[in-house]
Amino acid sequence: MLDLADLVSLWGPPQRGDGAAPNLQQRLGPVCTDSRLLTANAFFVPLHGERFDGHRFLATATEQGIQAAVVARDSDIPIPPSLLHWTVDDTLEAYQQIACLVRRNFNSAVVAVTGSAGKTTTRELIRAALTPLGAVQASIGNNNNDVGVPLTLLGVDEQHSAVVVEMGMRGPGEIERLSRCVEPEIAVITNIGTAHIGRLGSREAIAAAKCEITAALSADGLVVIPAGDPLLDATLARCWSGRVRRVALVGDTNNSGQPADDLGDYNPATGQIQLGNDSYHCPLEGRHNARNFMLALAVANTLGVAPSDLQQLDVEVPGGRNRRQQIGALTVLDETYNASPEAVFAALDLLAAQPGRRFAVLGTMLELGPDSERLHKAVIDHAATLKLDGLVAVATGLEAKAMSNASAALPLFRQVETPEQAAEPLIEWLRPGDTVLLKASRGIALERLLPLLPQL
């Protein structure tokens, strides 16, 4: 645990307007950025965004008995005289610096996870795979950004044997900043896809942004990646010269020239993965999840978890991801949380492996930029190749046109503009025993369709 005196190493001596001598030997209280959650003895970090400024609550926070705060140098909001505080250039950066100090104060194994798709699922698989070591602290929900990553670190205490931190990004430089906050020992990159290509412009730029995870990776650390992607291998080689462990499944395409260190043989009928002399049950359905599980197995093996402790794991993933539901006699594959082209392809492959008639509801994939039409056409082409029985596209504009133009090979197709409108063709088409996949970007809110599905 940290004392207030430890913060002097970051920002120098604190200030107090009433001249009272501060007690810097007291333990650092709960670090909080949300004025609504402040308690007595909390350390307040007011953040400043486009629509809010936490500095407006300094007076109220002082009345509540907070321990101390950091204050932005350019803030013009009065500071209560009795408030012990440090003046900093950027309170968000200060928040991350505190989290990094906390991280350096414990000896738990620290694993960071990023990638274009499958980050959260892989995070949860790694969390489960590390539970034999003891309690595991891991990111929850969407806490994978500049605010959420420090929050995860600040929740670590002496009971935790490992920490798993998810890192997301919307542009270059973000993951580097998070890496310097976390200082991981193991970095996992799930894949390089086209999510956010509209913001970054190319897969090359996406690969460079994801490989920023190595910025503060310990010199004797490890990067775990899927084998076979020459772009990922080449990009990683430019920024990391340390250990790399590559995983793959038998039958995966490998265009990189770098063989897999761990090659698993996946049986989709049983969900078993044979890896060397050991057999593991993949906790989640689908080949893409088997590959994510291989990443988790590599992490667990590196940290000394015995294979016998990994053969049957229970994994709970957040809603809208890898969720199988029964609605009457209808099977629903709920993937409503988010979508990238690679994730949609994987979900369609999982759908195609289901018995009986198979239908999909695919919503717009956002932030694809100039590639958007091509990629929306590609997922419809893939659905047709898999011989699905029908598909509803929830889309407008050029994406809707691209999906409609590619739909000729599908037996049944309908394009609608809202999730609610997708219920009409499904009610017309679906019969008991059918399976339907729901997948779209978060902004489409495709989960609104769930309560409207027919009770067959």
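The buried residues of helix H9 pack against strand E8 (186–189), helix H8 (203–210), strand E9 (222–226) and strand E10 (243–249). This is read from a predicted model, as is everything that follows. In H9, which spans residues 230–239, the buried positions are Leu231, Leu232, Asp233, Thr235 and Leu236. The N-terminal end of H9 is capped by aspartate 229, one of whose side-chain oxygens lies 2.9 Å from the backbone nitrogen of leucine 231.

**The nine-stranded sheet**

The strands E8, E9 and E10 belong to an open sheet of nine strands with mixed pairing, in the order E6-E7-E5-E8-E9-E10-E11-E12-E13. At the edges of this sheet stand E6 and strand E13 (278–281), and because each has a single partner strand, one side of each is left without a neighbour in the sheet. From one strand to the next, the twist averages 20 degrees. Strands of a sheet pair through backbone hydrogen bonds, and the pairing may be parallel or antiparallel.

At one edge, strand E6 (residues 135–138) runs parallel to strand E7 (residues 160–166) and is joined to E7 by four bridges, with alanine 135 standing opposite histidine 160. These two strands, together with helix H5 (residues 148–154), make a right-handed β-α-β unit. At the other edge, strand E12 (residues 272–275) and E13 run antiparallel and are likewise joined by four bridges, and here glutamine 274 stands opposite serine 279 of E13.

**Helices H11 and H12**

Two packed helices are described by the angle between their axes and the distance between the axes. For H11 and helix H12 (residues 372–385), the angle is about 10 degrees and the axes are 10 Å apart. An angle under 35 degrees counts as roughly parallel, so H11 is roughly parallel to H12. The contact is made from the H11 side by Pro341, Val344, Phe345, Leu348 and Asp349, and from the H12 side by Leu375, Ala378, Val379, His382 and Ala383.

**Glutamine 354**

In the loop between helix H11 (341–352) and strand E16 (358–363) lies glutamine 354. Its relative accessible area is 10%, and glutamine 354 is therefore buried. Leaving aside residues up to four places away in sequence, glutamine 354 touches Glu285, Arg324, Leu333 and Thr435. A polar atom of the glutamine 354 side chain also lies 2.8 Å from the backbone oxygen of leucine 350. As for leucine 249, which is 105 residues away from glutamine 354 along the chain, the C-alpha atoms of the two are separated by 21 Å.

**Two residues with positive phi**

Most residues other than glycine have a negative phi. Asparagine 41 and alanine 445 each have a positive value, and their settings are set out below.

| Residue | Phi | Location | Relative accessible area |
|---|---|---|---|
| Asparagine 41 | near 75 degrees | loop between strand E1 (31–32) and strand E2 (43–44) | 37%, partly exposed |
| Alanine 445 | near 55 degrees | segment after strand E19 (435–439) | 13%, buried |

The cut-off for buried is under 20% relative accessible area, so alanine 445, at 13%, counts as buried, whereas asparagine 41, at 37%, is partly exposed.

How values were computed. Residues are numbered from 1 along each chain as its sequence is written. This is a predicted model: local features need pLDDT of at least 70, side-chain atom pairs count only at pLDDT 80 or more; totals for chains, interfaces and linings use all residues. Side-chain values use heavy atoms; hydrogens and water are left out. Buried means under 20% relative accessible area, exposed over 50%, partly exposed in between (1.4 Å probe, protein chains only). Contact means heavy atoms within 4.5 Å. A polar contact is a pair of N or O atoms within 3.5 Å; within protein, one must be able to donate a hydrogen and the other to accept it, and residues adjacent in sequence count only if both atoms are side-chain atoms. Two strands pair if DSSP finds at least two bridges between them. A crossover is right-handed if, with the strands pointing away from the viewer, the path from the first strand over the helix to the second runs clockwise. Axes are lines fitted to C-alpha atoms, for helices over the stretch in contact, and angles run from 0 to 180 degrees between N-to-C directions. Angles under 35 degrees count as roughly parallel, over 145 as roughly antiparallel, 65 to 115 as roughly perpendicular and the rest as oblique.
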